[in-house]
Amino acid sequence: MNIDITSLIAQTALVLLLSPLLSGLIASLKAKLQNRRGPRVWQPFFDLIKFFRKDMVISEHASGVFAAVPHVVFATALMAGLMVPLAWVPAPLQLFGGALALVGLLALGRFFLALGGLDPGSAFGGMGSSREMTISAIAEPAMMLAIFTAAIAGGSTNLSQIVMAGDGHAGRFLEPAHTLAFSAMFIVLLAETGRVPVDNPATHLELTMIHEAMILEYSGRYLAMLEWAASMKQLVLFGLLANLFFPFGLAPGMLPAAVAQGMGWLAIKLVGLAVAVVLVEFTNAKLRLFRVPDLLGAAFVLATLALVSLFLFR
Amino acid sequence: MSSSGSKSFSAALKPGLRRAMEALAKQFRGRITRVDAPRPDEVYLDADPVMAGALCSTLYKKHGARLAGVFAEDARTSERAFLVYQIYALDAVGGFVVVRLALPPEDPALASLTSAVPAVNWQEREIQDWFGIRLLGHSNPRRCAMHDDWPPVHPMRKDFDLRATLPPFRGERHKFREVEGEGVFQVPVGPVHAGIIEPGHFLFSVAGEPVLYLQLRLFYVHKGTEKLFESLLIPHGVRLAESISGDSGFAHATAFCHAVERAAGVEIPARARALRTICLELERLYNHVADIGAICTDVAFVTANMHAMRLKERVLRTNEHLTGNRLLRGMACLGGVRFDFDAGRIGALSGLLDELGNEFNDLVEIIRSHSGTRDRLETTGVLSPKVARDLGIVGVAGRASGIDRDMRRDFPHDFYDEVQFTVPVFSEGDVQRRLAVRREEVYQAISIIRQTLNKLPDGPLRTEVREVPPDRVALGFVEGWRGEIFHWVHTAPGNRLARCKVKDPSLQNWPALSEAILGNIIPDFPVVNKSFNLSYSGTDR
């Protein structure tokens, strides 16, 4: 494993800076559709700066786990961000197993986030953690199957290899396996980023929350890290969806001109996906909590069909 | 018009009410010591306190009455007794029977009616807390209107000074009932909430997500409003009544004015009655539209809410154009209304109605065609008609659970007997039906305002209400947007009040929430709560 330092630094900066912008873009687009003026797209940066400046209030019932959680969640999200090819291939970090390691990293982050929800012993945090675990138990297999479909098509579990193998095969977009896996992954994306119809990132109603309930007890610097990590995780999933299923326009190496072009393509793909997500949020109500597994079950079935059709229509 | 015997009732008494009174007088010969009928639809009976239970059962079973309110008055100086009043509404005949029970000044006690009429549970406990009248046989006699950290005082007694300062909290805080079992957790919510709402504590006992039991605790913002009325001149009471519950300001003020006007025996000019009706319906409009949007927000269908907010804003701006205040504050006054609607204002109001009619249709269509929202609202938070009847649920929530009552139709006040409208009633009692009642009432409100504008009488804006004679009693009532609002007054010398009882529909409806949430999952609570949308301030007073 040889690490390209330029690529590493560049992608770290890209992940850190692009992720709040993506959150801001989604919030802003949503507001526009609802006839509201809405926040500026860079509002999340101001929020992060504000949180970093604020003091923290920590429950007297909290243990050391509570303090460890933001660091672990932030680190896993950033590492996941370094593994996904965004504007250029290969991605700077290529851990063993590729896709498997990515799913593992996300799961580790989620596990600690759930611990953070439980640790201070507040009722809302416990509810959030329990709901998150219920949902991820179904979302995770669907995500793995969808990624494996792409992995088999690309002949590797290394994410950069998959993307490189797919580049230039435009005809693949119409294959059933591709479409089905994309659909499954899109549903997983909605669940994992806490979007309507699974969760509502904009609500103030503690009783209905999932992700927000787990981080209710956090404030100040820790909250900033968790919010930032959530944005990075969102970028990871968006990037995964964008580049696994639309593998073109990525720069083959760190040449400035090619990277600039790659960034342009990345921006186009992210905006396209953001518009799709916003449209889903805009036109849907939240599902009853016990209906969410049905939706994710559908994602799982779609992913399974994708995998099967890969062999059937080969 | 008082008659101490039981033979002759005033000929002015409504026929149905007179028949009921004659039957009662016959059955309780000798036990009803005095009958007083100050108005055709309002009769006072003085009865022996031991007969309260029997009277209640007869009124319920034979006369289709319901106990709409129970309250007390400290009359130790004038009558050497504590008085307990029980207001029975005879909806079918459009009249009220008020039973007055005199209790001894030392250690007053009365048999509780709660086990027979669960609807008065909180009201009886309120009497117990505020007056120190023991309610014997109450199934849950713990403190309600005054929290456990209050010292043992009874602030509604006359010898309690309004300006008294009490020692700080000592002793034990409230203990909630414990719910035990494997996997049962307590989820405390409040009293301070995340939204911009008032305080109330909800303690859920849950097994996983399903709710097993919900305990409510209110009265965090008790302001002593009823006591405050006793310190004010009657005309100033209108402004106080306006602020009892912010979203029902005009309805509360009007109910207070009704009570005082009835006590004074004043006739209200036709134009004032019409303008009051328009304002009551405007209040209903903006609240119903906002609630429909808010219900959609609580299932994360924000799109519908954004449209609803836009419509609500349009109504509020019209309110400001008409009365100078977005929430119709300052419009109500004794004897009529403060401001007239000139041709320009009437034009603006007609314009609003035309626009609203179309745009509200669009909003209804957006919600109706949205299967995700319907799935969330139907079968959620069911309040069965039986439970609703037992708890005496009123207003929107009652009509969604099969209780076909509306003061505007059953006890027509203001201009309501001169307009045509229907009262929507559903029997399913879920969130969807509470939304549907609001939806239909918006259409009805638009129609009522149109009809009133078409018939708008000319003439003076108000009758002057001079000093109200002392020692008169009167009940004022209004169908507010949330449900029936009662103000009962007892006048005192010097244009003041000896007692003003305020009953907001929220006080009656809060216990319904504990029943409607059973069998639902905890993330559905906010939308169930929103579908009732009860007032904290109106309850706590």
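Domain bounds, as the word is used here, come from an automatic or database domain assignment. In this predicted model, chain B is divided in that way into domain 1, covering residues 2-136, and domain 2, covering residues 225-508. The C-alpha centres of domain 1 of chain B and domain 2 of chain B lie 28 Å apart, and across the boundary 17 residues of domain 1 of chain B are in contact with 17 residues of domain 2 of chain B. On the side of domain 1 of chain B that touches domain 2 of chain B, the strands β2 (32-39), β3 (42-47) and β4 (66-75) of chain B each supply at least two residues. The largest share of that side, five residues, comes from β4(B).

Before turning to the sheets of chain B, it helps to recall a general point. Strands of a sheet pair through backbone hydrogen bonds, either parallel or antiparallel.

One open sheet of chain B has three strands in the order β9-β10-β11, with antiparallel pairing. Its edge strands are β9 (184-189) and β11 (211-217) of chain B, each of which pairs on one side only, and the twist from one strand to the next averages 15 degrees. Strand β10 of chain B, made of residues 201-207, is joined to β9(B) by six bridges, and the two run antiparallel; as an example of this pairing, B:Q186 has B:S205 in β10(B) as its bridge partner. Towards the other edge, β10(B) and β11(B) also pair in the antiparallel sense, over six bridges, and here B:F202 stands opposite B:L216 in β11(B). These two strands, β10(B) and β11(B), form a hairpin with three residues between them, and in the turn B:G208 has a positive phi of about 70 degrees.

Another open sheet of chain B is formed by three strands in the order β14-β15-β16, again with antiparallel pairing. The edge strands in this case are β14 (473-479) and β16 (496-503) of chain B, each pairing on one side only, and the twist averages 15 degrees from one strand to the next. Seven bridges link β14(B) and β15(B), which pair in the antiparallel sense, and among these pairings B:G476 has B:H487 in β15(B) as its bridge partner. The hairpin of β14(B) and β15(B) has four residues between the strands, and B:G483 in this hairpin takes a positive phi near 155 degrees. Strand β15 of chain B, residues 484-492, is in turn joined to β16(B) by seven bridges, with the strands running antiparallel, and B:W488 finds its bridge partner in B:K501 of β16(B).

How many of the residues of β14(B) are buried? Seven of its seven residues are buried, and the strand is described as mostly covered. Both of its faces are covered, with B:V473, B:L475, B:F477 and B:E479 buried on one side and B:A474, B:G476 and B:V478 buried on the other.

A contrasting setting in chain B is a loop, the one between β8 (134-136) and β9 of chain B, where B:R143 is found. B:R143 counts as partly exposed because it has 14 C-beta neighbours inside 10 Å, whereas a residue needs 20 or more to be buried. Leaving aside residues up to four places away in sequence, B:R143 touches B:D129 and B:D148. The C-alpha atoms of B:R143 and B:E126 are separated by 8.0 Å, although these residues are 17 residues apart along the chain.

Chain A brings us to helices. Helix α11 of chain A, residues 292-312, has 21 residues and reaches 30 Å from its first C-alpha to its last, close to the 30 Å expected at 1.5 Å a residue. Its buried residues are A:V292, A:L296, A:A299, A:F300, A:L302, A:A303, A:A306 and A:L310. Why do these buried residues lie on the same side of α11(A)? They do so because they cover an arc of only 155 degrees around the axis. They pack against α5 (123-154) and α7 (176-192) of chain A, while the face of α11(A) turned away from its buried side carries the exposed residues A:D294, A:F311 and A:L312.

Helix α10 of chain A, residues 256-283, has 28 residues and reaches 40 Å from its first C-alpha to its last, close to the 40 Å expected at 1.5 Å a residue. The buried residues of α10(A) include A:V259, A:G262, A:L266 and A:K269, and the buried residues of this helix pack against α1 (5-33), β1 (88-89), α7, α9 (220-245) and β2 (251-252) of chain A.

Notes:
Residues numbered from 1 in each chain as written. Chains lettered and ligands numbered in written order. Predicted model: local features only at pLDDT ≥ 70, side-chain atom pairs only at ≥ 80, totals over all residues. Pairing = 2+ DSSP bridges. Axes fitted to C-alpha atoms, helices over the stretch in contact; angles between N-to-C directions. Expected span 1.5 Å × (residues − 1). Buried ≥ 20, exposed ≤ 12 C-beta atoms within 10 Å, placed from the backbone. Arc of directions from axis to C-beta. Contact = placed C-beta atoms within 7 Å.
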